[in-house]
Amino acid sequence: MITTDVLIVGTGPAGGAASLFLSTYGIDNIVLTRYGWTANTPRAHITNQRTVELMRDMGIEDQIIDKGTAHHLMGQTAFCTSLAGEEIGRIRTWGTHPRRLADYTEASPTLPCDLPQTLFEPILVSTAAGRGARVRFDTEYVSLEQDDDGVTATVRDRLSGETYQIRAKYLIGADGGRSKVAQDIGLPMAGAMDIEGSMNIVFEADLSKYVAHRPSVLYWVLQPGAQIGGIGAGLVRMVRPWNEWLIVWGYDISQPAPVVDEAMATEIVHNLVGDDTIDVKLKSTSVWSVNHMYAEKASKGRVFCMGDAIHRHPPSNGLGSNTSIQDAYNLAWKLALVLRGQADPSLLETYDAERTPIAQQIVERANKSRTQFGQIFRALGMTPDAPAGRTIESLKDDTPEGAAQRDELRTAIELKDYEFNAHGVELGQRYHSTAVIPDGTPEPAYERDAELYYHPTTWPGARIPHCWLTRGSETVSTLDVAGKGRFTLLTGIGGEAWVKAAQSVSEHLGVPIEPYVIGPGRELEDLYGDWSRAREIPDHGCLLVRPDAHIAFRASELPDDATETLQQAFTQLLGR
Ligand code: FDA
């Protein structure tokens with residue numbers, strides 16, 4: 001029988017990333033997909049800072065940036081009657097407003113970029129393969145059985161029709177929104193599927209003349225019919241600047257799904273572009289539905305689900321593939337420690353505790369964003385409850401009603417910050433589980449809106465704040481110091497006893513811990529003083545950072561026996 005440590009079903013963002021992380025950590029894995037290659041349509045594209053940070057940790061940030069569309073071309077998001085038609089408003093998105101750019105650049109060593117799934121997945125899967133993953137295409141997961149020692153999966157080779165079995169110590173179900181793995185292990189799901197109907201039309205056309213002066217990845221079209229189904233409004237989305245595009249257009253889910261033939265697709269493209277003379281080369285069409293569903297539990301025994309298998313929602317906020325990759329990052333280091341015998345299997349239970357609240361959060365956020373176009377339509381007089389006489393034309397009136405309408409439109413567009421500049425949602429995840437040791441301090445309050453703004457803190461459970469440090473002539477992020485599949489301990493001058501403690505605990509438990517003293521004359525220096533301002537502990541305190549860059553343990557005092565304190569922390573963290 002074929003055997004492996006981890007069998008991963010799915011080569012999408014979740015499965016591809018899980019394979020990449022595990023392979024990088026030296027864990028044997030097989031990853032399979034029922035198709036002959038990775039995604040064939042460019043669905044996900046917004047790649048947020050956290051995801052770019054994870055790729056930076058994997059040493060492949062340059063590939064992501066190279067293939068992606070750069071941040072400065074992502075943000076002049078327009079609301080218009082069509083690309084050629086009237087422009088009603090614009091919002092600077094994905095942190096491109098000067099004020100928000102400061103927030104984004106202060107929070108991370110990376111910037112978001114736009115990388116279609118069709119380009120991202122091959123990077124994930126090929127890098128994983130290069131690091132030892134065994135990749136099997138045209139291979140369909142059929143069923144599984146688990147016992148105390150492992151999981152036996154039955155899979156079918158779709159080329160020969162033959163079925164065979166793979167025996168794994170753990171199985172990851174990263175098989176998307178219709179996950180058979182999640183169904184087979186009976187994950188409890190909340191919410192509903194298929195609540196709105198939508199279609200994608202991918203096409204090539206040179207639209208530079210309509211977009212060059214307002215480069216963006218999204219152009220929202222507010223036309224009659226644009227509120228039916230879909231994701232809140234008609235969307236012309238850049239796939240590759242500026243000649244490959246994807247239109248999202250809704251349909252009434254209570255009716256049979258439309259057959260989107262060439263004539264219908266071309267007509268929709270011409271309508272949304274507002275120019276029926278453009279030459280349209282259709283690449284693909286598909287119909288899909290909007291879901292509002294999340295798993296209340298993400299695992300059972302030795303089987304863990306991730307990605308769309310546990311959170312199913314519209315693309316609003318661009319959270320799908322990002323969260324899928326981040327799920328994988330959360331589980332991979334835990335699996336690695338357990339498989340190497342460095343942690344008790346109970347560590348794996350923290351995956352559920354840490355990721356299911358996020359699944360719920362993003363499903364609710366994305367669906368709320370979808371409905372928050374309504375105020376824009378109302379401001380334009382396009383909803384039944386809009387004041388009588390309102391039209392796009394009346395926006396231009398020099399009347400009290402015109403002024404009120406303009407105010408309402410500005411407020412309605414500002415509300416879309418919750419979809420396009422939700423930095424807190426993108427970066428601010430804080431974990432609560434037994435893999436985080438509380439230090440007795442209350443959770444720091446959010447000083448600004450928790451969804452719009454990221455609040456850095458070293459409170460246990462939070463991601464380590466990014467600050468630039470120096471190492472000789474090199475500038476490195478605190479996030480560069482952390483990660484790499486191992487624990488990191490950070491202290492300052494006077495905290496050397498923590499370093500000795502880390503070395504002794506590491507030796508005793510056989511778990512790699514990389515300790516650093518940050519300060520003048522040390523390997524890492526805080527020349528800007530940013531780290532001293534951000535770390536929320538004194539020089540002689542310590543932060544223990546998990547392999548996924550979240551804070552596991554924090555101490556403000558240097559105890560009499562730092563080794564004993566750290567040993568106790570690890571005993572809880574690793575369940576040993
Ligand atoms: P995904 O569905 O991508 O992959 C599932 C994998 O499992 C595939 O490899 C499939 O072949 C395999 N599989 C399934 N069943 C199997 C079986 N029985 N046997 C073997 N293999 C099997 N997200 C985002 O972060 N930013 C964005 O900008 C957007 N934009 C966007 C636009 C549009 C129009 C859509 C429809 C979606 C988005 N998304 C998004 C969402 C994003 O596409 C989605 O969340 C991710 O693809 C989910 O990744 P997964 O790996 O979980 O599943």
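Which helices and strands each supply at least two residues of the shell around the ligand? In this predicted model, the elements that do so are helix H1 (13-24), strand S8 (139-146) and helix H9 (320-339). Helix H9 provides the largest share of that shell, with 4 residues. In total, 35 residues surround the ligand, and the closest are Gly10, Gly12, Gly176, Gly307 and Gly320. Sorted by class, the shell comprises 15 polar, 14 nonpolar and 6 charged residues.

It helps to place these elements in the overall layout of the chain. Three segments, 2-71, 113-190 and 295-351, make up domain 1. Domain 2 covers 374-415, and domain 3 covers 431-574. The centres of domain 2 and domain 3, taken over C-alpha atoms, are separated by 51 Å.

Further along the chain, an open sheet is built from 4 strands in the order S22-S21-S23-S24, with mixed pairing. Strand S22 (513-518) and strand S24 (551-555) each have a single partner strand and stand at the edges, so each has one side left without a neighbour in the sheet. From one strand to the next, the twist averages 15°. Strand S21 (residues 487-492) runs parallel to its partner S22, and the two are paired over 6 bridges. Within the sheet, glycine 492 lies opposite isoleucine 518 of S22. Helix H16 (residues 496-509) packs on this sheet and touches S21, S22 and strand S23 (542-545). The direction of H16 makes about 175° with that of S22.

A few backbone details in the loops also deserve a look. Proline 241 and tryptophan 242 are joined by a cis peptide bond, with omega at about -10°. Tryptophan 242 belongs to the loop that links strand S13 (234-240) and strand S14 (244-251).

Two other residues, tryptophan 94 and lysine 484, are not glycines, yet each has a positive phi of about 55°. Tryptophan 94 sits in the loop between strand S5 (87-92) and helix H4 (98-107), while lysine 484 is placed in the loop between helix H15 (478-481) and S21. What about their surroundings: is tryptophan 94 buried or exposed? Tryptophan 94 is buried, because 29 other C-beta atoms lie within 10 Å, and 20 or more are enough for that class. Lysine 484 has 18 C-beta neighbours inside 10 Å and therefore counts as partly exposed.

Methods. Residues are numbered from 1 along each chain as its sequence is written. This is a predicted model: local features need pLDDT of at least 70, side-chain atom pairs count only at pLDDT 80 or more; totals for chains, interfaces and linings use all residues. Two strands pair if DSSP finds at least two bridges between them. Axes are lines fitted to C-alpha atoms, for helices over the stretch in contact, and angles run from 0 to 180 degrees between N-to-C directions. Two residues are in contact if their C-beta atoms, placed from the backbone, lie within 7 Å. Domain bounds come from an automatic or database domain assignment. A residue is near a molecule or strand if its C-beta atom, placed from the backbone, lies within 6 Å of it. Ala, Val, Leu, Ile, Met, Phe, Trp, Tyr, Cys and Pro count as nonpolar, Asp, Glu, Lys and Arg as charged, and the others, Gly among them, as polar. A residue is buried if 20 or more other C-beta atoms lie within 10 Å of its own, exposed if 12 or fewer, and partly exposed in between; C-beta atoms are placed from the backbone.
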